[in-house]
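Me: I am new to this structure and would like a close look at a single part of it. Please keep the answer plain and connected.

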Amino acid sequence: MKFSGQCPVCGEHLHLARLACPGCKAEFPTDEPLLPYNYLSEEDAQFLKTFLVCRGSLKDVQAQMNISYPTAKKRLEELLLRLGLCGEDKNEEEVDMSLFKKTETASTKASDIIRNKLYENDGKATVCSVSGKAYVIKASGDGKTFLCNELPIKPPFSYEVFDCIVELLIREGGSARKGMGRNFRLGEGNCTEDTVVGYIGAHYFGANYGTYVFDPVFVLAAVLEWAGIARNERGYLSLTADYLAKVR
């Protein structure tokens with residue numbers, strides 16, 4: 001089996017379960033996550049290797065990989081995103097939540113529910129993944145988008161991305177695979193349009209088939225569970241019975 005850092009059954013990140021000494025054959029149980037580098041696709045790993053061999057010179061990377069300078073720069077930015085090496089913006093301004101009003105409270109749209117719940121929490125909340133990892137989400141000052149250090153894209157995600165996910169879940173009967181965008185191009189493997197990551201790539205970003213798309217599912221699924229809209233399960237995302245009753 002080709003090692004990719006993800007479980008071939010459900011797509012979750014693998015953990016180290018045992019360490020072994022090649023000399024005395026002693027074994028030690030453990031439960032540690034792999035390094036972010038273990039989750040890179042072959043394409044990203046090759047780019048990183050070339051970047052290091054070229055001692056950080058994007059012009060040399062461009063020549064070595066026969067790609068344009070803008071492409072090399074874009075690949076580097078995407079690699080930094082995947083590795084979580086884009087640090088927190090120290091100049092991020094605080095948002096005065098008193099300037100914003102909640103939307104229609106009777107709305108069943110996921111975007112409205114999450115925006116309202118975030119505003120009720122003074123524009124900031126901590127959500128947790130299936131494995132218990134915590135992520136902080138914050139309301140943006142524009143009233144249309146939200147921020148999270150683990151989703152360092154520009155422009156940031158709008159609340160409508162949650163409507164996009166719910167649309168897929170309803171279409172699939174209330175539950176869908178989360179999928180994986182790290183090792184698969186859009187339309188292939190675990191990044192097809194019947195997966196959350198594939199559907200976001202095609203219908204939110206408007207990406208073309210055959211391209212790599214940013215995979216935000218681990219955070220967005222945690223937000224949907226925090227808002228009581230969906231159950232964040234291993235490999236799957238399912239609408240809650242309460243939310244289904246509201247939209248049917």
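Which elements do the buried residues of α4 pack against?

Reply: The model is predicted. The buried residues of α4 pack against two strands, β3 (124-128) and β4 (134-139), and against three helices, α5 (160-171), α7 (217-226) and α8 (241-247).

Some background helps to place the helix. The protein has 248 residues, and 40% of them are buried. Its secondary structure comes to 8 helices and 8 strands. Among contacts between residues at least 6 apart in sequence, 51% join residues at least 24 apart. The protein exposes about 14100 Å², with carbon and sulfur atoms supplying 52% of that area.

Helix α4 itself covers residues 110-120, and 9 of its 11 residues are buried, so the helix is mostly covered. The buried residues are A110, S111, D112, I113, I114, R115, N116, L118 and Y119. Just after the helix, D122 takes a positive phi of about 60 degrees.

Charged side chains are also found among the buried residues of α4, including D112 and R115. R115 counts as buried because its relative accessibility is 8%, and the cut-off for buried is under 20%. R115 forms a salt bridge with E160, and the closest N and O atoms of the pair are 3.9 Å apart. E160 lies in helix α5 and R115 in helix α4, so this pair ties together parts that are 45 residues apart in sequence. E160 is partly exposed, because its relative accessible area is 34%. D112 belongs here as well: D112, R115 and E160 are linked in a network of salt bridges.

The protein has 7 salt bridges by count. One of the others sits at the end of α5, where R171 pairs with E172, the closest N and O atoms being 3.2 Å apart. R171 is partly exposed at a relative accessible area of 47%, and E172 is partly exposed at 36%. Another salt bridge joins R18 and E27, with the closest N and O atoms 3.3 Å apart. Both R18 and E27 are exposed, whereas R115 in α4 is buried.

Helix α5, one of the elements that α4 packs against, also holds L169. L169 counts as buried because its relative accessibility is 0%. Leaving out residues up to four places away in sequence, L169 touches G174, S175, A176, L237 and L239. L169 and D194 are 25 residues apart in sequence, and their C-alpha atoms are 8.9 Å apart in space.

Helix α7 is another of the elements that α4 packs against. The loop between α6 (196-204) and α7 contains D215. D215 is buried, because its relative accessible area is 12%. The side chain of D215 has a polar atom 2.8 Å from the backbone nitrogen of G181. The D215 side chain also reaches the backbone nitrogen of V217, at 3.2 Å. With residues up to four places away in sequence not counted, D215 touches G179, M180, G181, R182 and V197.

The cysteines can be treated briefly. A disulfide is a covalent bond between the sulfur atoms of two cysteines. By count, the protein has 0 disulfides. C24 is in no disulfide, and the nearest cysteine sulfur, that of C21, is 3.8 Å away. That distance can be set against the cut-off, since a disulfide needs sulfur atoms within 2.5 Å. C24 counts as exposed because its relative accessibility is 58%, whereas C164 counts as buried at 9%.

For contrast with the covered helix, there is a nonpolar patch at the surface. L16, L19 and F28 make this patch, which has an area of about 280 Å². F28 lies in strand β2 (residues 27-33), and F28 is partly exposed with a relative accessible area of 48%.

To return to the part you asked about: α4 is mostly covered, its buried residues pack against β3, β4, α5, α7 and α8, and R115 forms a salt bridge with E160.

Note on methods: Residues are numbered from 1 along each chain as its sequence is written. This is a predicted model: local features need pLDDT of at least 70, side-chain atom pairs count only at pLDDT 80 or more; totals for chains, interfaces and linings use all residues. Side-chain values use heavy atoms; hydrogens and water are left out. Patches are made of residues with over 30% relative accessible area and no salt bridge: like charges are joined within 9 Å, nonpolar side chains (Val, Leu, Ile, Met, Phe, Trp, Tyr) within 5 Å. Accessible areas come from the Shrake-Rupley method with a 1.4 Å probe; for residues, only the protein chains shown count as cover. A salt bridge is a side-chain nitrogen of Lys or Arg within 4 Å of a carboxyl oxygen of Asp or Glu. Helices (H or I, at least four residues) and strands (E, at least two) are DSSP runs, numbered from the N terminus. Buried means under 20% relative accessible area, exposed over 50%, partly exposed in between (1.4 Å probe, protein chains only). Contact means heavy atoms within 4.5 Å. A polar contact is a pair of N or O atoms within 3.5 Å; within protein, one must be able to donate a hydrogen and the other to accept it, and residues adjacent in sequence count only if both atoms are side-chain atoms.
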